[in-house]
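Trainee: Please take one part of this model and go through it closely. I would like the backbone and the contacts spelled out.

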Amino acid sequence: MSAVKRWLPPLIAVAIALALGGCNGQSPLSPHSPQAHDIATLWWWMLGVASIFLFGAIGLLTISWFRRQTPGLPLLGKREGANTALVISFGIVIPAFVLISLFAVSDFYVLGKTDQPASGASAMTIRVIGHQWFWEVRYPGTRAVTANEIHIPVRTPVGIVATTDDVIHSFWVPELNRKIDMIPDQRNRMLLYADRPGVYRGQCAEFCGLQHAHMAMRVFAQPRSGFHRWLRGSSKPARPPASPLAHRGERVFMSSQCASCHTIRGTSARGTVGPDLTHLASRTSLAADTIPNTAYWLRRWIRDPQAIKPGNKMPDLGVRWRKLAALVVYLRGLG
Ligand code: CUA
């Protein structure tokens, strides 16, 4: 057996481990809900069964290489019937049994548990709408609208109703549940549940254009009291500007193209092209988890959004330095 063949399986295993370790906070193998737990268990079973076949095949190949000068089969000799029996059992019967078992477990058991409809089974519903390239998040029954950050109460079944405003996207928070496609003119439902407080990263899982890779989100699972405080705060209209400079920034926002693409509740800005900015300063990232939400990055983003996320719908507005400074102060005050 060549060195390549001998070292390939362990190398692949190490590569997979490194790749999964690199997905920080986003591994389906560190489940934080009963649904994600079932998916992870199914994955380990599939890996186990596949490994038996992989190493079994490598073992048989090795034996046949050492016996390449010897006629007939080991133990069974040169019997025609034995050849046929081996082909039928290893080529048809065993694969059919394994594939049917895996299909049955994944389809009737795991999928059924992850697929619970939102109505009835859940305490509350959240609407998530896919856009190129951000996530719009609405809380029916309240005025709260946010983007790219989903707050949920911990240990509470939450129904997600997923739709899209343009092309097909796929909503996926690997540590909490499976993927769900967002398809035009269709409402897909899924259960979101987190068994402990924390931040869970999610990612668009269906290629949706140039910035598909920069379409991420964060799910914040909070204790109930903290969640309800957040929801009450997010339902309120925007805070009025607190300083003369912030006032100037508000005027810049309302008189420029900003207001025709973004909504800031409580003001005349009612655009629906980009994310709702009513409580922008309370979010942790900008541009769907592409850059951190700091004054520095906000300034860079407004100055040249196409440099940071080429192809996104935000144009270069050519805002000059002093106006830009006022705009950033205003937006940073939207807590
Ligand atoms: Cu949205 Cu990929």
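Mentor: What follows covers one helix pair and then a few backbone details in loops.

The model is predicted. Two packed helices are described by the angle between their axes and the distance between the axes. For helix α6 (residues 244–255) and helix α10 (residues 321–332), the axes come within 7 Å and cross at roughly 105°. Angles of 65 to 115 degrees count as roughly perpendicular, and α6 and α10 are therefore roughly perpendicular to each other.

On the α6 side, the contact is made by Leu245, Ala246, Arg248, Gly249, Glu250, Val252, Phe253 and Met254. Their partners in α10 are Arg322, Lys323, Ala326, Leu327, Val329, Tyr330 and Leu331. By class, the residues of this contact between α6 and α10 comprise 10 nonpolar, 1 polar and 4 charged.

Now the loops. Most residues other than glycine have a negative phi, and most peptide bonds are trans. The bond from Gln132 to Trp133 is cis, with omega near -5°. Trp133 lies in the loop between β1 (124–131) and β2 (134–138).

Asn148 is not a glycine, yet its phi is positive, near 65°. Asn148 sits in the loop between β3 (145–147) and β4 (149–153). Its relative accessibility is 6%, so Asn148 counts as buried.

Asp185, also not a glycine, has a positive phi of about 60°. The loop that holds Asp185 runs between β7 (180–182) and β8 (188–192). With 84% relative accessibility, Asp185 counts as exposed.

Terms used:
Residues numbered from 1 in each chain as written. Predicted model: local features only at pLDDT ≥ 70, side-chain atom pairs only at ≥ 80, totals over all residues. Heavy atoms only, no water. Axes fitted to C-alpha atoms, helices over the stretch in contact; angles between N-to-C directions. Helix = DSSP H or I, 4+ residues; strand = E, 2+ residues; numbered from the N terminus. Parallel < 35°, antiparallel > 145°, perpendicular 65-115°, else oblique. Contact = heavy atoms within 4.5 Å. Nonpolar A, V, L, I, M, F, W, Y, C, P; charged D, E, K, R; others polar. Buried < 20%, exposed > 50% of the residue type's maximum accessible area, 1.4 Å probe, protein only.
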